[in-house]
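Student: I would like to learn how to read the fold and the core of a protein model from values computed on its atoms. Could we work through one case together?

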Amino acid sequence: GVTTATIASAKAGKIQSKDATIEGVTAKNIAANSRGDVTNVTVQEVQVGAINASGAQTGSINIAGVRLAIRNGRVQGTTNDINAGTVKLENGQVENVKLARPSFTLEPSGSYRASADLSLGGGVLGEMRLGPARAGGVASSDRIELKDFVAEALDGRASGTATIALTKTGTSRVSTDFNNFDLAAILTVLS
């Protein structure tokens, strides 16, 4: 059989974990359709309150076009592009943060994989001015990958790939080309 449901809106108050706080979530225009062992859920709009996670803080974020498919405990999801705006850091901020083509998979075991094309409009880190940056990003239970990244800073450009292990047994790797960096500015930032 087929089961369908529609919900005008759903709201959760403050969500808090060990390393993160979300100041509320509101989902509007929710539709669910369950057919056999697959449930599809669409949410027209999700409003996420300010997020504070591991020293990074966002303002509120609107996410449109959330699509979920749930089968045998596995959740796969996508959304429209996300504009997170300015993200404040402990020693600076990153501006015009955008995620294009975000998608994720959450396995019944708790392992996950999320991907998006990330772009940053610039910002400041300590005393270092950052220019635009972009990368294809993939995060999973055991690593974070930045593919084909390009970042501008210190009057130069860095490009390459990076894999950051999130487990003790994983291996981190960075392959980067630096072009036209201002070495005096690097020494000033590091001193």
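Tutor: We shall go from the overall build to the nonpolar core, bearing in mind that this is a predicted model.

Student: What does the secondary structure of the protein come to, and what box do the C-alpha atoms fill?

Tutor: The secondary structure comprises one helix and 17 strands, and the C-alpha atoms, taken along the principal axes, fill a box of roughly 70 × 35 × 30 Å.

Student: How many residues are there, and what percentage of them is buried?

Tutor: Buried means under 20% relative accessible area; of the 191 residues in the protein, 26% are buried. The protein exposes about 12000 Å², of which carbon and sulfur atoms supply 53%.

Student: Which residues have the most contacts inside the largest nonpolar core?

Tutor: A nonpolar core is a set of buried residues of nonpolar kinds joined through side-chain atoms within 4.5 Å. Here the largest one has 14 residues, and V43, V46, I61 and I63 are those with the most contacts inside it.

Student: Which strands supply at least two residues each of this core?

Tutor: They are β4 (25–35), β5 (38–48), β8 (61–71), β10 (82–89) and β11 (92–106), with β5 giving the largest share, four residues.

Student: What does I63 touch, if residues up to four places away in sequence are not counted?

Tutor: With that exclusion, I63 touches Q44, E45, V46 and V48, together with T79 and I82.

Student: How are the contacts of the protein spread along the sequence?

Tutor: Among contacts between residues at least 6 apart in sequence, 34% join residues at least 24 apart.

Key:
Residues are numbered from 1 along each chain as its sequence is written. This is a predicted model: local features need pLDDT of at least 70, side-chain atom pairs count only at pLDDT 80 or more; totals for chains, interfaces and linings use all residues. Side-chain values use heavy atoms; hydrogens and water are left out. Buried means under 20% relative accessible area, exposed over 50%, partly exposed in between (1.4 Å probe, protein chains only). Contact means heavy atoms within 4.5 Å. Accessible areas come from the Shrake-Rupley method with a 1.4 Å probe; for residues, only the protein chains shown count as cover.
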